[in-house]
Amino acid sequence: RVSLLLAAYRTDEGKPWVLPVVKKVEQMIANDNSLNHEYLPILGLPEFRANASRISLGDDSPAIKENRIGSVQSLGGTGALRIGAEFLRRWYNGNNNTATPVYISAPSWENHNSVFVDAGFKDIRTYHYWDAAKRGLDLQGLLDDMEKAPEFSIFILHACAHNPTGTDPTPDQWKQIAAVMKRRFLFPFFDSAYQGFASGSLDKDAWAVRYFVSEGFELFCAQSFSKNFGLYNERVGNLTVVGKDADNVQRVLSQMEKIVRTTWSNPPSQGARIVATTLSSPQLFAEWKDNVKTMAGRILLMRSELRSRLESLGTPGTWNHITEQIGMFSFTGLNPKQVEYMIKEKHIYLMASGRINMCGLTTKNLDYVAKSIHEAVTK
Amino acid sequence: SSWWSHVEMGPPDPILGVTEAFKRDTNSKKMNLGVGAYRDDNGKPYVLNCVRKAEAVIASKKMDKEYLPIAGLADFTRASAELALGENSEAFKSGRYVTVQGISGTGSLRIGANFLQRFFKSSHDVYLPKPSWGNHTPIFRDAGLQLQAYRYYDPKTCSLDFSGAMDDISKIPEKSIILLHACAHNPTGVDPRQEQWKELAAMVKKRNLLVYFDMAYQGFASGDINRDAWAVRYFIEQGNNVILSQSYAKNMGLYGERAGAFTVICSDAEEAKRVESQLKILIRPMYSNPPLNGARIASIILNTPDLRKEWLVEVKGMADRIISMRTQLVSNLKKEGSSHNWQHITDQIGMFCFTGLKPEQVERLIKEFSIYMTKDGRISVAGVTSGNVGYLAHAIHQVTK
């Protein structure tokens, strides 16, 4: 029995992994008697907010230097998306303009749609993204949709490690996307849930967000520390706002504060402390990057091992997409019947879409999974 | 140009403004009576011993950090329901309730508000007591509901305007939503007596109103968790299927950990399952699933007999200290020679006290004595200590004589 469903990291023993640096920092927090459980400010722990945004935008970000960024500590990536969505519905493209189109990739994380619907948007659309035939990015379809989108439409972009396809635009493709968005006055709302976790490099995984900032965009970026810090149940997220200048950002934050106040008043303390402590200490930061590389490395290994087995077995089709895709998920390309075979006959659980979580693969089950895929495709 | 040129600057939070001004003040005798958080007799935040012990248990167990279910930690939600309803409650024992974990009191209120907007078709009018916690109005409004009010506080007597409340409630359209503070009314500290609660329960039942209880101070008001939950339990026994929001911010001192719960009393367990499924659909696009830390601390305390006993003693200790400060403030005012009737200070209950001071008097307290409170004359008794109660009495006497 193999589960390739869940969206959390697993070790090669199939177990959850509390990052060593997190264990260390939790111990430090537990031993610090000067700490208490008082309320955080509405926008969150200041050291967390500043460090979280810095991780995303980069130490040398022009936006940070020019003091035109703001941050809202949020309940996970979902919470950051929701606060951003609520703000956009109230203040973007007029006042309370629920008709502004919101574009979500086809496919995308299924909760994206609900976030924007519940925030009040009435016109949610999809943009072409996954090309099932060639098992890759449908760049032309994507760009066409952007050309045709009404001006000022909001586009939800996956910063890296697209969920569920694992297919990211190349830097060159991102440049094309940015050019169209700039020309058509489209608003970029990045969802960054896998920074560091995708390629193993924080900077590489943040390239797209930083490129858009360097191109002068005003944008939102919802960050999650669930996966890259393994802090799933502590709900650690951050919404970064990049604006034209400090004054605009200040007014935006003051309105976001009002939204936060009626949603959760102020955010939870524990997870933010862990992240803030880690990011603000050079030594702990280095340890964290190492832990992240461990996770990303295991996933990359599982990808190459799965692909090589399928190619050795001579499984019909091409399997290079398994190593070309990035992050936690892979869109295998298995069709519904093949997926059903995997589940019913082989007790390997995956999404109907053919999405698998690479973290569910271990050195122990690789052979079985590869053989099962082979059977599903050949029978 | 910016997308945000037209975005207005949000008004500053009135309560935060008090704290900001307090921080800037250099007077060594300054007092911050705006903050809604408990302080010990040295004016310091208080981490409960039972909380520290629960944290030690958690640290020793080396648990993983996997996502909680959308509805939260089951041991926590079950214990929260039992705490509010009472272990002998028919509603609790029969399972005709659903409790989901919420982000402290605010988050729990908001889940309920969103649920009402989506599923309570009879009315979108929420009746709040006059006055109520400042954040109630924007919470319900942001959820898409309308706000109305019923008379509650009588500024002439600094106590409950019971006849006014009953009169207004008797005229509320049937099937509207009425919000009641279960105990330790915020901001006035004025609670109905049990006989008055009985009449209120009969009236809301007669008017067929949906009752939304906000219980943020169970245990913290009288020192007795059962006494503080009496109204909630009585209403349910009388056949009102209430909805309820709970917070562990004050009674367990878990402020920043955001531990809370939202409960719906249903007709039966099957209805409760359906309601739960809809609550999950509301929660998922807000923050997916709730934070573990605070809920786990609360759960360990509630579910470990020794720790639960210790908690009950500590929460009574906090309540007793506040009651004692009320008593000392009144006796000090008498000693100062004040001829005013300050009985409402000891009649009122919980963290807050509506002193009856007028805005001009509050202004003088801030400017001349560096004693900070909100314009409405509300003080957080938690900010009073045996070391400064004399100074406070002196100052109040100066501005009211």
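Author: Let's start with a word we'll need: two residues are in contact when they have heavy atoms within 4.5 Å of each other. Keep in mind that this is a predicted model.

Reader: Fine. Which residues is Ser176(B) in contact with, leaving aside its neighbours within four places in sequence?

Author: Ser176(B) touches Phe120(B), Ser123(B), Asp125(B) and Tyr127(B), and also Asn208(B), Leu209(B) and Leu210(B). You'll find Ser176(B) in the loop between α7 and β7 of chain B.

Reader: Is Ser176(B) buried or exposed?

Author: The cut-off for buried is under 20% relative accessible area. Ser176(B) has 2%, so it counts as buried. For a sense of distance, Ser176(B) and Arg24(B) are 45 Å apart in space, C-alpha to C-alpha, and 152 residues apart in sequence.

Reader: Let me try the same reading on chain A. Where is Ser56(A) placed, and which residues is Ser56(A) in contact with, beyond its neighbours within four places in sequence?

Author: Look in helix α2 of chain A, residues 46-57. Setting those sequence neighbours aside, Ser56(A) meets Gln195(A), Ala206(A), Val209(A), Arg210(A), Cys221(A) and Gln223(A). Its relative accessible area is 2%, so Ser56(A) is buried.

Reader: Let's zoom out. How many helices and strands does chain B have, and what does its radius of gyration agree with?

Author: Chain B holds 16 helices and 13 strands. A compact globule of 401 residues would have a radius of gyration near 21 Å, and chain B has 21 Å, so the two agree. Along the principal axes, the C-alpha atoms of chain B fill a box of roughly 60 × 60 × 55 Å. Buried residues account for 61% of the 401 residues in chain B. Take the contacts in chain B between residues at least 6 apart in sequence: 76% of them join residues at least 24 apart.

Reader: What does the UniProt record say about the domain in each chain?

Author: The unreviewed UniProt entry for chain A annotates residues 8-373 as "domain: Aminotransferase class I/classII large". In chain B, the UniProt annotation of that name, also from an unreviewed entry, covers residues 29-396. The chain A span is 46% helix and 14% strand, with its end C-alpha atoms 22 Å apart. For the chain B span the values are 47% helix and 15% strand, and the end C-alpha atoms are 14 Å apart.

Reader: Now the empty space. How many cavities of 30 Å³ or more are there?

Author: First the general idea: rolling a probe the size of a water molecule over the atoms shows where empty space is left. Here the count is three cavities of 30 Å³ or more. The largest cavity has a volume of about 80 Å³. Its lining has 13 residues, and Tyr150(B), Tyr152(B), Leu180(B), Pro192(B) and Leu200(B) lie nearest its centre. In chain B, α7 (162-170), β7 (177-181) and α8 (194-206) each give two or more residues to that lining. The most come from α7(B), with three residues. By type, the lining of the largest cavity has 11 nonpolar residues, two polar and no charged.

Reader: And the second largest pocket: which elements supply at least two residues of its lining?

Author: Both chains take part: α4 (76-91) and α10 (246-263) of chain A, together with α1 (14-24), α6 (136-142) and α15 (359-369) of chain B. The largest share, seven residues, comes from α10(A). About 960 Å³ of space lies in this second largest pocket. Of its 38 lining residues, those nearest the centre are Pro12(B), Asp13(B), Pro14(B), Ile15(B) and Gly134(B). The lining divides into 17 nonpolar, 10 polar and 11 charged residues.

Methods: Residues are numbered from 1 along each chain as its sequence is written. Chains are lettered from A and ligands numbered from 1 in the order in which they are written. This is a predicted model: local features need pLDDT of at least 70, side-chain atom pairs count only at pLDDT 80 or more; totals for chains, interfaces and linings use all residues. Side-chain values use heavy atoms; hydrogens and water are left out. UniProt positions are given in the numbering used here, feature names are shortened, and annotations may be inferred rather than shown by experiment. Helices (H or I, at least four residues) and strands (E, at least two) are DSSP runs, numbered from the N terminus. On a 1 Å grid over the protein atoms alone, a cavity is a set of points where a 1.4 Å probe fits but cannot get out, and a pocket is an open set with protein on both sides within 12 Å along at least five of seven lines; lining residues have an atom within 4 Å of a point. Grid points are joined across faces, edges and corners, and a volume is the space filled by probe spheres set on the points. Ala, Val, Leu, Ile, Met, Phe, Trp, Tyr, Cys and Pro count as nonpolar, Asp, Glu, Lys and Arg as charged, and the others, Gly among them, as polar. The radius of gyration is taken over C-alpha atoms; the globule rule is 2.2 Å times the number of residues to the power 0.38. Buried means under 20% relative accessible area, exposed over 50%, partly exposed in between (1.4 Å probe, protein chains only).
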